[in-house]
Amino acid sequence: MMTEKPTFYITTPIYYPSDKLHIGHAYTTVAADAMKRYKKQRGYDAYFLTGTDEHGLKIQQRAEAAGQTPKEFVDGIVDGIKSLWRLLDIDYDDFIRTTDARHEQVVQKLFQKIYDQGDIYKAEYSGWYCTPCETFFTERQLAEGHTCPDCGRPVEMAHEESYFFQMSKYADRWLKFIEENPDFIQPETRRNEMISFVKQGLEDLCVSRTTFDWGIKVPFDEKHVVYVWFDALVNYISALGFGSGDDAKFQKYWPADVHLMAKDIIRFHSIIWPIILMAAGVELPKKVVAHGWLLMQDGKMSKSKGNVVDPVVLVEKYGVDAIRFFLLREMAYGMDANYSEEALINCINTDLANDYGNLLSRTTAMITKFLGGVVEPGAEGTEFDVELKELAAATPANMAQYMDKVDIANAVAEVWKLVAKANKYVDDTAPWALNKNGETEKLKTVMYNLAEVLRQVTILITPVMPHVAEKVWAQLGLSSEQAGSDWTALEWGGFPAGAKISRGEPIFPRIDTAKALGAE
């Protein structure tokens, strides 16, 4: 009897349609993609949602400046975003746009429901608004000089008739939920920040605007459009068909396992969104995870600073697997990471060329030179075999404990411990000496063990580097079916005896830093 697969639903924020997404935006989406691929390897029915957030005043203003309608303006940019995700091997299951009819209908239905139960009321809004961030702030929340605490730009005083959502009514319920579900907001530092924010006093949220019309109409008052952050957050359930005639995906995948985002929008996802769901009587997601920023020497990457790094240029220069690996290897859990092209090159040269690539090169070279290119276990082992096999057996679980927390950097580090152990195993066993001394059976065992480690490491790292497996299998003389692709193939001894090595060029050639940076 077939058992139904467990499900895993992960989302990234739906991105503002900027005409140039930078490498920092790419981190979130690459991380979510790696999580989806990892869960599929583990046997899950994994579903990954991304998309674009296309309403709001700043879109309308940019479209007017370009002499286009807002929809014309965003259509061209969305095509570019999808192209970037294809370049980065992003295997999303759905791409939702907030201009999609399926989304607009759900937003209106949810707004109406919350209004009908008395949790949305009309009043006059007078307060500070940051147009680039599309965020309202109270006087006490502003940064020095009446600037936005998130982006640092000047804010404007807004006066208009608006509808308000009674967030304050749900503050105690939210605090109780967080107390009962301490892992809901991750990492812990962000949870503590959000608890402090709510305990200072939760204001009711302005959820409609009348000073522009590029947005979803409030269903019972069409001179108002729904505030963009109320609109955008609903995508996580509208994409699954919530409240529609076909909500099979919603029934299957909700609640989301992980909402993944950068730390600057954690407040919307961990406070506003859960309270919207509480008011609507919808189950809350299981976890909201905020990662840090990718920082340049002069601070956070941003278009206004002119310090953005184009991922397209990097992929063309260094390859998609190397860029994905660098992003996921360097961004420590919940922390900011420093970006420079020199750091990227060092990561490629150290981890990929010296450690992983060189392990493959020296293993295939020795099997070719000493054993005629044939991989088969020997009848005799060495004193170093047990430790290598024990670490190989432990590595999947060691990796999983971090992946399941979306701590991908530490998960990769666990795999690289096995790579390092295998490289040390070469030095400890000295295959060249075994060959010289005629210890053929020991030599066969050593080379088989190295090939087997390479097989297992490659399976484990494939969610991070989707193209690497086919290159490694080609050199190890394996088909993808022989090598295996999921965690059921990680039992020791899965490398088929008799496979014929086919040596090739280094899969990650060393990069000359000076030449790459144009220093010479």
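Through how many residues does a hairpin join β10 to β11? I began my notebook with this small point, and I found that the hairpin passes from β10 to β11 through 2 residues. I keep in mind throughout that I am reading a predicted model.

**Entry on the strands around β11**

I looked next at how β11 pairs, and I noted that strand β10 (residues 217-218) runs antiparallel to β11 and is joined to it by 2 bridges. Within this pairing I found Lys217 standing opposite Val225 in β11. I then turned to strand β9 (residues 208-209), which is also antiparallel to strand β11 (residues 221-226), with 2 bridges between them, and here I saw Ser208 opposite Val226 in β11.

**Entry on the open sheet**

I followed an open sheet of 6 strands and wrote down its order as β3-β2-β1-β12-β13-β7, with the pairing parallel. I marked β3 (94-97) and β7 (185-186) as the edge strands, since each of them pairs on one side only. Inside the sheet I looked up strand β1 (residues 7-11), which pairs with strand β2 (residues 45-52) in the parallel sense over 5 bridges, and I noted Phe8 opposite Ala46 in β2.

**Entry on helix α12**

I asked myself why helix α12 (residues 320-330) can be called largely enclosed by the rest of the structure. The reason I recorded is that 9 of its 11 residues are buried, where buried means under 20% relative accessible area. I listed the buried residues of α12, which include the charged-type names Asp321 and Arg324 alongside Val320, Ala322, Ile323, Phe325, Phe326, Leu327 and Leu328.

**Entry on the whole protein**

I stepped back to the protein as a whole, whose secondary structure comes to 20 helices and 18 strands. I compared its radius of gyration of 26 Å with the value near 24 Å that a compact globule of 520 residues would have, and I noted that the two agree. Along the principal axes I read a span of about 90 × 65 × 40 Å for the C-alpha trace.

I also looked up burial, and found that 56% of the 520 residues count as buried, while the accessible surface comes to about 21500 Å², with 48% of that belonging to carbon and sulfur atoms. For contacts between residues at least 6 apart in sequence, I wrote down that 77% join residues at least 24 apart.

My last note concerns charge: the protein has 56 positive and 74 negative side chains, and I recorded that the centres of these two sets lie 2 Å apart.

Methods: Residues are numbered from 1 along each chain as its sequence is written. This is a predicted model: local features need pLDDT of at least 70, side-chain atom pairs count only at pLDDT 80 or more; totals for chains, interfaces and linings use all residues. Side-chain values use heavy atoms; hydrogens and water are left out. Helices (H or I, at least four residues) and strands (E, at least two) are DSSP runs, numbered from the N terminus. The radius of gyration is taken over C-alpha atoms; the globule rule is 2.2 Å times the number of residues to the power 0.38. Buried means under 20% relative accessible area, exposed over 50%, partly exposed in between (1.4 Å probe, protein chains only). Contact means heavy atoms within 4.5 Å. Accessible areas come from the Shrake-Rupley method with a 1.4 Å probe; for residues, only the protein chains shown count as cover. Lys and Arg count as positive and Asp and Glu as negative; His and the chain ends are not counted. The place of a charge is taken as NZ of Lys, CZ of Arg, CG of Asp or CD of Glu. Two strands pair if DSSP finds at least two bridges between them.
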